[in-house]
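Please open the model in your viewer, show it as a cartoon, and keep the sequence panel at hand. The tour moves from the whole chain to single residues, with a selection to make at each stop.

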Amino acid sequence: MAVSFNSCAVLVVEDEVVTRSVSVRLLKQLGVGTVIEAADGAEALARCNRVDFDAIFCDVDMTPMGGLAFLEALDGRAPVIMLTKHDGSDVVLSALRSGATGYLVKPLTPPGLREKLEKALAAKG
């Protein structure tokens, strides 16, 4: 049975406008009810202070606040899937050690997003 995402609130944190809009569109195609965007970690933290997200997809490389700094500042309030262009183990291991639920290598695909979103929702309980 397919999981329904229509009651979910998901945050997409990505500084590249095109990548962010593609991510939002893919999540909406998966049936995610609420998709909110942020351009960097600081903006994402402000959004997290107002909304209780079910999952967060967050880019690693951003300024002024990058994904790993955001992940640490978030302090486990929501499951975070890191988005990266690097399949390098150092970046991935650092994110997982900092509390990320998982990671996705860009470019994103609907099956990859679905799998990670299901994992994040299961992690949230």
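Begin with the whole chain of this predicted model, in which buried residues make up 46% of the 125 residues. Colour the chain from the N terminus on, and you can follow its elements in the order β-α-β-α-β-α-β-α-β-α, which comes to 5 helices and 5 strands. The radius of gyration is 13 Å, close to the 14 Å that the globule rule gives for 125 residues, so the chain is as compact as a globular protein of that length. If you turn the view along the principal axes, the C-alpha atoms fill a box of roughly 35 × 30 × 30 Å.

Before zooming in, display the surface, of which the chain exposes about 6200 Å², with carbon and sulfur atoms supplying 53%. Selecting the charged side chains brings up 13 positive and 16 negative ones, and the centres of these two sets lie 4 Å apart. Among contacts between residues at least 6 apart in sequence, 60% join residues at least 24 apart.

Now select residues 9-13, which form strand 1; 5 of its 5 residues are buried, so this strand is largely enclosed by the rest of the structure. With side chains shown, Ala-9, Leu-11 and Val-13 point one way from strand 1, while Val-10 and Val-12 point the other way. Add residues 34-38, which are strand 2, and you have a parallel pair joined by 5 bridges. Within this pair, Val-12 has Glu-37 in strand 2 as its bridge partner.

Next, select Arg-25, which has its place in helix 1, residues 17-29. Is Arg-25 buried, exposed or partly exposed? Its relative accessibility is 47%, and since exposed means over 50% and buried under 20%, Arg-25 counts as partly exposed. A distance drawn from the C-alpha of Arg-25 to that of Val-35 reads 9.0 Å, for two residues that are 10 apart in sequence.

Move on to strand 4, residues 80-84, where 5 of the 5 residues are buried, so that strand 4 too is largely enclosed by the rest of the structure. Here Val-80, Met-82 and Thr-84 point one way, whereas Ile-81 and Leu-83 point the other way. Which strand should be selected beside strand 4 to see a pairing in the parallel sense? Choose strand 3, residues 55-59, which pairs with strand 4 over 4 bridges, and look for Asp-59 standing opposite Leu-83.

The remaining stops concern the backbone in loops. Most residues other than glycine have a negative phi, and most peptide bonds are trans.

Select Thr-63 and Pro-64, and inspect the peptide bond from one to the other, which is cis with omega near 0°. Pro-64 lies in the loop between strand 3 and helix 3, the latter at 67-74.

Asp-75 comes next, in the loop between helix 3 and strand 4. Asp-75 is not a glycine, yet its phi is positive, at about 55°. With a relative accessible area of 65%, Asp-75 is exposed.

For the last stop, go to Lys-106 and Pro-107, whose connecting peptide bond is cis, with omega near 5°. Pro-107 is found in the loop between strand 5, at 102-105, and helix 5, at 110-124.

How values were computed
Residues numbered from 1 in each chain as written. Predicted model: local features only at pLDDT ≥ 70, side-chain atom pairs only at ≥ 80, totals over all residues. Heavy atoms only, no water. Helix = DSSP H or I, 4+ residues; strand = E, 2+ residues; numbered from the N terminus. Rg over C-alpha atoms; globule rule 2.2 N^0.38 Å. Buried < 20%, exposed > 50% of the residue type's maximum accessible area, 1.4 Å probe, protein only. Contact = heavy atoms within 4.5 Å. Areas by Shrake-Rupley, 256 points an atom, 1.4 Å probe, with all protein chains shown as cover. Lys, Arg positive; Asp, Glu negative; His and termini not counted. Charge placed at Lys NZ, Arg CZ, Asp CG, Glu CD. Pairing = 2+ DSSP bridges.
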